[in-house]
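Hi everyone, thanks for coming. I'd like to walk you through one structure today, piece by piece, so please have a look at the screen.

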Amino acid sequence: MEQVKKLFEKSHLPAAKLWGTNLHNGEEWKLSFNYSENDDEIFRIASMTKLLTTIGSLQLVERGEIKLDEPVNKYIPSISDVGVIDEQGVLKPSDSEVNLTQLLTHTSGFAYPFTSEILDSYLDRPRGPANPREFLTWPKVFNSGENFCYGVGIDWVGKLIETISGKTLEDYFRENITGPLGMDSTWFNPPSELHKNIVDYQVRNGRSFEIAGPRIPDLTDFFGGGGGLMSSAKDYMRLLKCLYHGGQLDGIKILNDNTVDLMFEDHLPKELHIGMTEAPEEHSWSNNGQFCQDMSSGRWGLGWALESEDTNGLRSPRTAYWAGIFNTYFTLDRSKGIAVLYFSQFLPFDDNEAYQLYKVFEEEVYRCSGFS
C-alpha cells in the first residue's frame, strides 16, 4: 500500500479513511490518514443512504406489502399531483404513474438541480445544499420511464417506507437493518453518547480547507431516504459484507438471497444510460457537472450503479458502486469478493485528488487479492 500512502502525502487532502476486504479469505487492508484507527468515527454519508432505503423497500416487497411494478400513488396519492417541466421550462401535469422500480432506478423523472439543467433553471434557487424537505416539492423533468436522471426518487421511497410501515425511517432502519446488524453508529440523529465520534466536514478552496458547518448536526424530524444518514466505516463495511453473503451476516438475515441477486441485475431499459448530459456546467456541489466519474460506462441495479458488461478494468461486470456528496465511495465486487470503502469529508463532490486516492487504493486491494 506504499503507493497509496505516497499519493496521499503528495495530495492536499486533509484526511482520508480507506478499508478494503477480500471477502473470499477475510484478508483486510486499512489505511487511516489523520483519522483514528478504530473505525468508529462517524461520517456524513449522504447518498450512500440510498442503499439502506433501497434495502428497506425490498424488505416490504419480500413481505408482500408492495410490488416493484406497482404504482406508488396507491400508497402516496400526492405523488400523482407532481407535474413535469418541459424543455421550455413550463410545468405541465404528468401523464405517467410512478412505480417502485422507477424510483429505485432513477427513471421516475425526479432529478436534483445539479443533475438537471431544466430543474436547476426552473427552481432558480441559490446554489448550495437544499433543505431536504424541499425535495418532495420538486417537479419531474420527464415522464416516468422516458429517461434516466439521478435525483430525489429515493427520497420518495423513504416516504413510501414510512407510509406503509407506520414508522419513521429512523425507527424502521433501527428495527429492520441497522439494529439487527449491529450498525450502532448509523443514525439520522446520532445519540448524544456518539457525538464525540462525529468528524468535522469541510469545504475546499483551492489547496486549502475550511470548516463548512457545525460538527454535530441539529436534530431533524425529516428523514430523507436519499441522504442524511451518518455512519462509520465499521458499520458500512458490515452492510457490504452482509450483501456479499446474500443478505445474511453472523446469523442475522435482512434480505433473501434472490432479492440480493436482483439488486445486482441491470434494471435499466437498454436504450437508457446513466450519463448526465443535462447537468449544469457549473455547480457548487460538484466539480465537474456529474455525480461520479465512474458513471460514464455504468448501468443501474437496485440501490447502486453497476459496472457495465464490457468493463476493461479490474472490476467484474455488475460490480456495485456508489458515493456520497461529501467525497465518500464504496465498491462491492460480488464475483471477485472485493469490498472497498473510501471516506473523506468535504465539499465539493467528485474531488479529483479524493477520487484518485479511492481508485488507486481499489486497484491495490485487487492486486493484493491476486487480481491484476
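I'll start with some helices and one buried glutamate, and then move on to the sheets. Please keep in mind that this is a predicted model.

Let's begin with helix H5, residues 153-165. H5 has 13 residues and reaches 18 Å from its first C-alpha to its last, which is close to the 18 Å expected at 1.5 Å a residue. How many of the residues of H5 are buried? The count is 11 of the 13, so H5 is largely enclosed by the rest of the structure. If you want to find them on screen, the buried ones run from Gly153 through Ile154, Asp155, Trp156, Val157, Gly158, Lys159, Leu160, Ile161 and Glu162, and then there is Ile164. So what covers the buried residues of H5? The cover includes three helices: H2 (49-62), H3 (100-104) and H6 (169-176). Just after H5 comes Gly166, and its phi is positive, near 75°.

Now let me pick one residue out of helix H2, namely Leu60. Leu60 has 1% relative accessibility, so it counts as buried. Which residues does Leu60 contact, once we leave aside its neighbours within four places in sequence? They are Glu65, Ile66, Ile161, Ile164 and Tyr172. Two of these names should sound familiar, as Ile161 and Ile164 were both listed among the buried residues of H5. For a sense of distance, Leu60 and Pro317 are 257 residues apart in sequence, and their C-alphas are 28 Å apart in space.

Next comes helix H6. Six of its eight residues are buried, so H6 is largely enclosed by the rest of the structure too. The buried ones are Leu169, Glu170, Tyr172, Phe173, Arg174 and Asn176, and the buried residues of H6 pack against H2 and H5. Tyr172 is also one of the contacts of Leu60.

The residue I'd like you to look at here is Glu170, in H6. Glu170 is buried, yet it has no salt bridge. Where is the nearest side chain of opposite charge? That is Arg174, and it is 6.0 Å away. What we do find around the side chain of Glu170 is backbone. The backbone nitrogen of Phe188 lies 3.0 Å from a polar atom of that side chain, and the backbone nitrogen of Asn189 lies 2.9 Å from a polar atom of the Glu170 side chain. Not counting residues up to four places away in sequence, Glu170 touches Trp187, Phe188, Asn189 and Phe223.

Let's turn to the sheets. One open sheet has seven strands, in the order E2-E1-E15-E14-E13-E12-E11, with antiparallel pairing. At its edges stand E2 (28-33) and E11 (299-300), each with a single partner strand, so one side of each is left without a neighbour in the sheet.

Moving inward, E12 (residues 305-306) and E13 (residues 320-324) pair in the antiparallel sense over two bridges. In that pairing, Leu306 has Ala320 of E13 as its bridge partner. E13 then pairs with E14, again antiparallel, over five bridges, and Gly324 is partnered by Thr328 in E14. These two strands form a hairpin with three residues between them, and Asn327 in the turn has a positive phi of about 65°.

What about E14 itself, residues 328-333: how many of its residues are buried? Six of the six are, so E14 is largely enclosed by the rest of the structure. Both faces are covered, with Thr328, Phe330 and Leu332 buried on one side and Tyr329, Thr331 and Asp333 buried on the other. As a reminder, in a regular strand the side chains alternate between the two faces of the sheet.

On its way to E15 (residues 338-343), E14 makes six bridges, and the two strands run antiparallel. Leu332 stands opposite Ala339 in E15. The hairpin of E14 and E15 has four residues between the strands, and Gly337 takes a positive phi near 75° there.

Last, there is an open sheet of three strands, in the order E7-E6-E16, with mixed pairing. Its edge strands are E7 (208-211) and E16 (346-347), each pairing on one side only. E6 (residues 202-205) and E7 pair in the antiparallel sense over four bridges, and the bridge partner of Asn205 is Ser208 in E7.

That's my tour, thanks for listening!

Key:
Residues numbered from 1 in each chain as written. Predicted model: local features only at pLDDT ≥ 70, side-chain atom pairs only at ≥ 80, totals over all residues. Heavy atoms only, no water. Expected span 1.5 Å × (residues − 1). Buried < 20%, exposed > 50% of the residue type's maximum accessible area, 1.4 Å probe, protein only. Contact = heavy atoms within 4.5 Å. Lys, Arg positive; Asp, Glu negative; His and termini not counted. Salt bridge = Lys/Arg side-chain N within 4 Å of Asp/Glu carboxyl O. Polar contact = N/O pair within 3.5 Å; in protein donor to acceptor, adjacent residues only side chain to side chain. Pairing = 2+ DSSP bridges.
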